[in-house]
Amino acid sequence: MIATTDATLALHGGPQAFPGAVGHPQPKIGAEEFMSIAERFGFSADTLARIQQAIADEAWGTGPNLARYATAYPPQTKGAAFEALAREKFGVSYALGVSSGSAALHCAFVAAGVGPGTEVIVPAVGFYATAGMVIAAKGVPIFCDVDESLAIDPTKIEQLITPRTVAIAPTHVMGSVCDLDPILAIARKHNLKVIEDCAQAPGGKYRGRPVGTLGDLGCFSISAYKIIGGGEGGLVITNEQRLWERANQFAEAGGLWRPDRFAPPRYAGELFNGLNYRMSELEAAVDVVQLGKLDTFVSGFHGVKMRILQQLDTYREITPQKLNDVDGDIGYLLRFFPESHALGAQIVSALNAEGIRCGMRGPQPRPDWHIYADMFPITLKVGTTPDDRPFDQPIYQERDGYVEYAKGQCPVADDLYNRNISIALNQWYAPADCDMIAAGINKVLAAYCTKDASATKWL
Ligand SMILES: Cc1ncc(COP(=O)(O)O)c(C=O)c1O
């Protein structure tokens, strides 16, 4: 037996140089940080004291990890729970939680093959992010006019299709749904992908099926202002494995989504450069609860809108917004078009005086990035650097691509968006509230318009 000394290597039986830290680890994220979250959300002093008490007794160890940074998404993460609920709720094979609705669109466009030299047809009314994320994916957005539903007009899509077109991205606008059947038929005929932007209408239905599940990919925002309403979150859903894998690779460039994270590609094209759009665990914790409430939110809004619409008389000078699917309409806005701005202004004043909050943009509106001509980050065609513009990439020009954006290109949108009166509804309205609102609308419309049973019906 060889004698050991302090100099003997631990490998040879000597004492360990560093048997363990003497310092005590502190959690990276501790009680204080959690309390600041609770304070941010305005819990009462009493509740804060109870949370403080509850966490005071906990052994935090190295503390919780709020990132969703774990290989292959172990099922215990809130992010995984959110995705599982999304798959169940929408009845799809794949769901990907991401950091925003914009991130969802960016991933979906990349997944669908949008890139330099390609075009995507987007609606003239919706939100800037749809066209913006086409550009982020290095493609070129082409605006298509809307119809009296304020959603993309399917009869105007085909004339915009070029050899460069790879996708159509209809937006389900403000709780109403697009007319998807003709859009899907056009896409099939021209071999285009359909990416549904459902940011403003999660839980809406078309012919009985949830929006987001009829196209190739469905994108949702879960920002605080949306129906599901979290903080900042997003969701992509699809039934196609390869689309999900491409979206995931783009959202998760660290390769965390793959069973063997750093392994070479399992098939040609599996790996390409991407970003980090992961949904945080804190957001997912809220969103999984919020998504669970979606059906209740939607049935509340829908019931309120239907009860009001059923009671409205028809008027010669008023055209109600066209609803592409009455049963699938969520219903958080009640919209109609007066025949002139002057009439609209009178109706808006009178309704507001009755206590029915509403608005109309009118003839001289302030800019609004929900209509194409005002989407300056798109229409000015300015890149992040002067050379980073999809419009003048050589491949786009080789394919004879050229686009200018200007007011007047989508005349129906130009007219209807400024001339629509929108009444914001509340999912919590009692039947009596709906009846008072319906009576108030009839009272005002009867004062300024001609009641006419043969005028366009509300339903
Ligand atoms: C139609 C539409 N698409 C996309 C987005 C972007 O969502 P987010 O704000 O979560 O990035 C929005 C948000 O307003 C939207 O209304």
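Colleague: Which residue in β13 stands opposite L334?
Modeller: This is a predicted model, in which local features need pLDDT of at least 70 and side-chain atom pairs count only at pLDDT 80 or more, while totals for chains, interfaces and linings use all residues. Residues are numbered from 1 along each chain as its sequence is written, and side-chain values use heavy atoms, leaving out hydrogens and water. Strands β11 (residues 333-338) and β13 (residues 421-424) pair in the antiparallel sense over four bridges; a strand is a DSSP run of E of at least two residues, a helix one of H or I of at least four, both numbered from the N terminus, and pairing takes at least two DSSP bridges. Opposite L334 in β13 stands I423.

Colleague: What is the bridge partner of C358 in β13?
Modeller: Strand β12 (residues 358-359) is joined to β13 by two bridges, in the antiparallel sense. In β13, C358 has as its bridge partner I423.

Colleague: In what order do the seven strands of the open sheet stand?
Modeller: The pairing in this open sheet is mixed. The seven strands follow the order β1-β9-β8-β5-β4-β2-β3.

Colleague: Which are the edge strands, and what is the average twist?
Modeller: An edge strand here pairs on one side only, and this holds for β1 (94-98) and β3 (140-144). Angles run from 0 to 180 degrees between N-to-C directions of axes, which are lines fitted to C-alpha atoms, for helices over the stretch in contact. From one strand to the next, the twist averages 25 degrees.

Colleague: Which residue in β9 is opposite G97?
Modeller: Strands β1 and β9 (residues 234-238) run antiparallel and are joined by five bridges. In β9, the residue opposite G97 is L235.

Colleague: What angles do helices α3 and α7 make with β1?
Modeller: Helix α3 (residues 78-90) packs on the sheet, touching β1, β8 (217-221) and β9 (contact means heavy atoms within 4.5 Å), and its direction makes about 135 degrees with that of β1. Helix α7 (residues 241-251) also packs on the sheet. It touches β1, β5 (193-197), β8 and β9, and its angle with β1 is about 15 degrees.

Colleague: Which element gives the largest share of the largest nonpolar core?
Modeller: A nonpolar core is a set of buried Ala, Val, Leu, Ile, Met, Phe, Trp, Tyr and Cys residues joined through side-chain atoms within 4.5 Å, where buried means under 20% relative accessible area, exposed over 50% and partly exposed in between (1.4 Å probe, protein chains only). The largest one has 55 residues, and V98 and F109 are among those that touch the most other members. Elements giving two or more residues include β1, α4 (101-111) and α13 (411-419). The largest share, eight residues, comes from α4.

Colleague: Is L217 buried or exposed?
Modeller: L217 is found in strand β8. Leaving aside neighbours within four places in sequence, its contacts include A108, I195 and L243. Because its relative accessible area is 0%, L217 is buried.

Colleague: How many Å separate the ligand from the side chain of D197, nitrogen atom to N or O atom?
Modeller: D197 is one of the residues that come nearest, out of the 13 around the ligand (a heavy atom within 4 Å). A polar contact is a pair of N or O atoms within 3.5 Å; within protein, one must be able to donate a hydrogen and the other to accept it, and residues adjacent in sequence count only if both atoms are side-chain atoms. An oxygen atom of the ligand is 2.6 Å from an N or O atom in the side chain of S102. For a nitrogen atom of the ligand and an N or O atom in the side chain of D197, the distance is 2.7 Å.
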